[in-house]
Amino acid sequence: MSIARIAFLYTVFAVVAAAVNLLFQRASLGVYDGPYALVPAILIGTIAGLVVKYVLDKRWIFADLTTGVSAQTKQFGLYTLMGVVTTAIFWGTEVGFYHYFGTDHMREVGAAIGLTIGYVVKYQLDRKYVFNQAA
């Protein structure tokens, strides 16, 4: 698969996962909107988006054929860990821009830059450590 096609699909899948995340957050808040409702909503949304992105990446980006509960549990754990690492890049860049420039606009610019860098790094880490058995 060409790099342009991978980049396109990876971007589409990120948007799909974000939409799933937000839909699950809304559904959670629809069920419970009391004190501290945002915490479980964010957690539920994050898990839903993560699972969707994993399944899409596994099949369409990396053409991974790994099967079995044990192997896929390990693979999903590594996928999640790589996401934690790259989320730190995203959040760090966003917060860094906010502290340096002091405006919401530049915080959002930093978030966009951090998210882009994070996704590029995530792809590389996933290719090397998570889906390294793919054909």
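**Note on salt bridges and a surface patch**

1. In this predicted model, K58 and D64 form a salt bridge, with 2.4 Å between the closest N and O atoms. Both partners are buried: K58 has a relative accessibility of 9%, and D64 has 6%. Each value falls in the buried class because that class covers anything under 20% relative accessible area.

2. The K58–D64 pair is a salt bridge, and a search of the whole structure finds 6 salt bridges. Side chains of opposite charge can pair when their charged atoms come close.

3. R107 takes part in a salt bridge with D104, where the closest N and O atoms are 3.7 Å apart. Both residues belong to helix α4 (residues 104–130) and are 3 residues apart, about one turn of the helix. R107 is partly exposed at 24% relative accessibility, and D104 is partly exposed at 49%.

4. R107 also meets E108 through a salt bridge between their side chains, at 3.5 Å from N to O. E108 counts as partly exposed, with 46% relative accessibility. The two bridges of R107 are part of a wider arrangement: a network of salt bridges links E94, D104, R107 and E108.

5. Apart from the charged pairs, there is a nonpolar patch on the surface, formed by L43, I47, V51 and V55. Together these residues have about 350 Å² of accessible area. One of them, I47, sits in helix α2 (residues 38–61). The relative accessible area of I47 is 47%, so this residue is partly exposed. That value also passes the patch cut-off, because patch residues need over 30% relative accessible area.

How values were computed. Residues are numbered from 1 along each chain as its sequence is written. This is a predicted model: local features need pLDDT of at least 70, side-chain atom pairs count only at pLDDT 80 or more; totals for chains, interfaces and linings use all residues. Side-chain values use heavy atoms; hydrogens and water are left out. Patches are made of residues with over 30% relative accessible area and no salt bridge: like charges are joined within 9 Å, nonpolar side chains (Val, Leu, Ile, Met, Phe, Trp, Tyr) within 5 Å. Accessible areas come from the Shrake-Rupley method with a 1.4 Å probe; for residues, only the protein chains shown count as cover. A salt bridge is a side-chain nitrogen of Lys or Arg within 4 Å of a carboxyl oxygen of Asp or Glu. Helices (H or I, at least four residues) and strands (E, at least two) are DSSP runs, numbered from the N terminus. Buried means under 20% relative accessible area, exposed over 50%, partly exposed in between (1.4 Å probe, protein chains only).
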